[in-house]
Amino acid sequence: MQGLFESIFSDGNIKVYSFFIVIFVGLIIGVIFSLVSKKRINSTKNFFIAEAILPACVAMVIMLVNGNIGAGVAVAGAFSLVRFRSACGNALEISIIFIDMVIGLTLGMGYILYAVIFAIIVIIALLVLNNTKILMPRENHLARKLKIVVPENVDYVNLFNDIFAKYTKVYKLNKAKLCNMGSMIQLNYEIELNDNASEKSFIDEIRCRNGNLEIVMERVIYEEKDL
């Protein structure tokens, strides 16, 4: 049993069969890990492919380094170049890339069983966290983001206050910017509708006030912070 957890390169040499075992295990783990994580982050095809082959690629590099300090420093520099030539993703994507590299490093050192066990644990953790409702964003069904376009020659500050007082609990003007070559002003509000407010009537009153110019209203989803 102890032998299963030892490196297959314990004699210091890389055999042909050991090389193929490491590469194939790396590809299998990479593909499985990519399929699982794709459901969590909705990744692109390019990220999916890169994630699938990364463990095998890292394992190959580590096998070639094989204890050579100079080569190890060169590899670290190459990874740094790849990092700075790449667009930064979100926290989960960066974590997945790091996990892939850890798996590749483990495989490259010959610890096949450790790499497989670690991959299984991470996959289970991703599946559990992905289905944990407490981590899901919450939606306020009455909160809205509202964009209203008005002519640039109107005093927009109090233009819709009476309408907002009629249909909303709270409202706040966050931003006003010029658009359409300076001939229009776009107003960005955050509002919360009254419980029984009619969105259709609300928008109708606004469009009568702004001259049938563009109006956009969308729901707001808040991320849970108190976990």
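Reading from the N terminus on, the elements of this protein run α-α-α-α-α-β-α-β-β-α-β, which comes to 7 helices and 4 strands, where helices (H or I, at least four residues) and strands (E, at least two) are DSSP runs numbered from the N terminus. Before I go further, please keep in mind that this is a predicted model, in which local features need pLDDT of at least 70 and side-chain atom pairs count only at pLDDT 80 or more, whereas totals for chains, interfaces and linings use all residues. Residues are numbered from 1 along each chain as its sequence is written, and side-chain values use heavy atoms, with hydrogens and water left out.

Let me begin with the overall numbers. The accessible surface of the protein comes to about 14500 Å², and 62% of that belongs to carbon and sulfur atoms; these areas come from the Shrake-Rupley method with a 1.4 Å probe, and for residues only the protein chains shown count as cover. Of the 227 residues, 30% are buried, and here buried means under 20% relative accessible area, exposed means over 50%, and partly exposed is in between, again with a 1.4 Å probe and protein chains only. If we take contacts between residues at least 6 apart in sequence, 72% of them join residues at least 24 apart, a contact being heavy atoms within 4.5 Å.

Now to helix H1. Which residues form the nonpolar patch on the surface? They are Val16, Phe20, Phe24, Leu27, Ile28, Ile32, Ile49 and Ile53, with about 730 Å² of accessible area together. Patches are made of residues with over 30% relative accessible area and no salt bridge, like charges being joined within 9 Å and nonpolar side chains (Val, Leu, Ile, Met, Phe, Trp, Tyr) within 5 Å. Helix H1 (16-41) and helix H2 (45-65) each supply at least two residues of the patch, and H1 gives the most, with 6 residues. Leucine 27, which has its place in helix H1, counts as partly exposed because its relative accessibility is 31%.

A search of the whole structure finds 8 aromatic pairs. One of them lies in this patch region: the ring centres of phenylalanine 20 and phenylalanine 24 are 6.2 Å apart and the planes are at 20 degrees, so the pair is stacked. The cut-offs are that rings of Phe, Tyr and Trp (its six-membered ring) pair if their centres lie within 6.5 Å, with planes under 30 degrees apart counting as stacked, over 60 as edge-to-face and the rest as tilted. Because they are 4 residues apart in helix H1, these two phenylalanines are separated by about one helical turn. Serine 18, also found in helix H1, is by contrast buried, with a relative accessible area of 1%, and leaving aside neighbours within four places in sequence, serine 18 is in contact with Ile8 and Phe9.

Let me turn to the salt bridges. As a general point, side chains of opposite charge can pair when their charged atoms come close. The whole structure holds 7 salt bridges, each defined as a side-chain nitrogen of Lys or Arg within 4 Å of a carboxyl oxygen of Asp or Glu. How far apart are the closest N and O atoms of arginine 144 and glutamate 199? They are 2.6 Å apart, and this pair links distant parts of the chain, with arginine 144 in strand E1 (residues 138-151) and glutamate 199 in helix H7 (residues 199-210), 55 residues apart. Arginine 144 counts as buried at 4% relative accessibility, while glutamate 199 is partly exposed at 33%.

Lysine 166 forms a salt bridge with glutamate 205, the closest N and O atoms being 2.9 Å apart, and this pair too links distant parts of the chain, namely helix H6 (residues 161-167) and helix H7, the two residues being 39 residues apart. Lysine 166 is exposed, with a relative accessible area of 51%.

Helices H6 and H7 also meet through phenylalanine 164 and phenylalanine 202, which are in H6 and H7 respectively and 38 residues apart. Their ring centres are 6.0 Å apart with the planes at 50 degrees, so this pair is tilted. Phenylalanine 164 and phenylalanine 202 are each buried, with a relative accessibility of 0%. Both belong to one aromatic cluster, formed by Phe160, Phe164, Tyr167, Tyr171, Tyr189 and Phe202.
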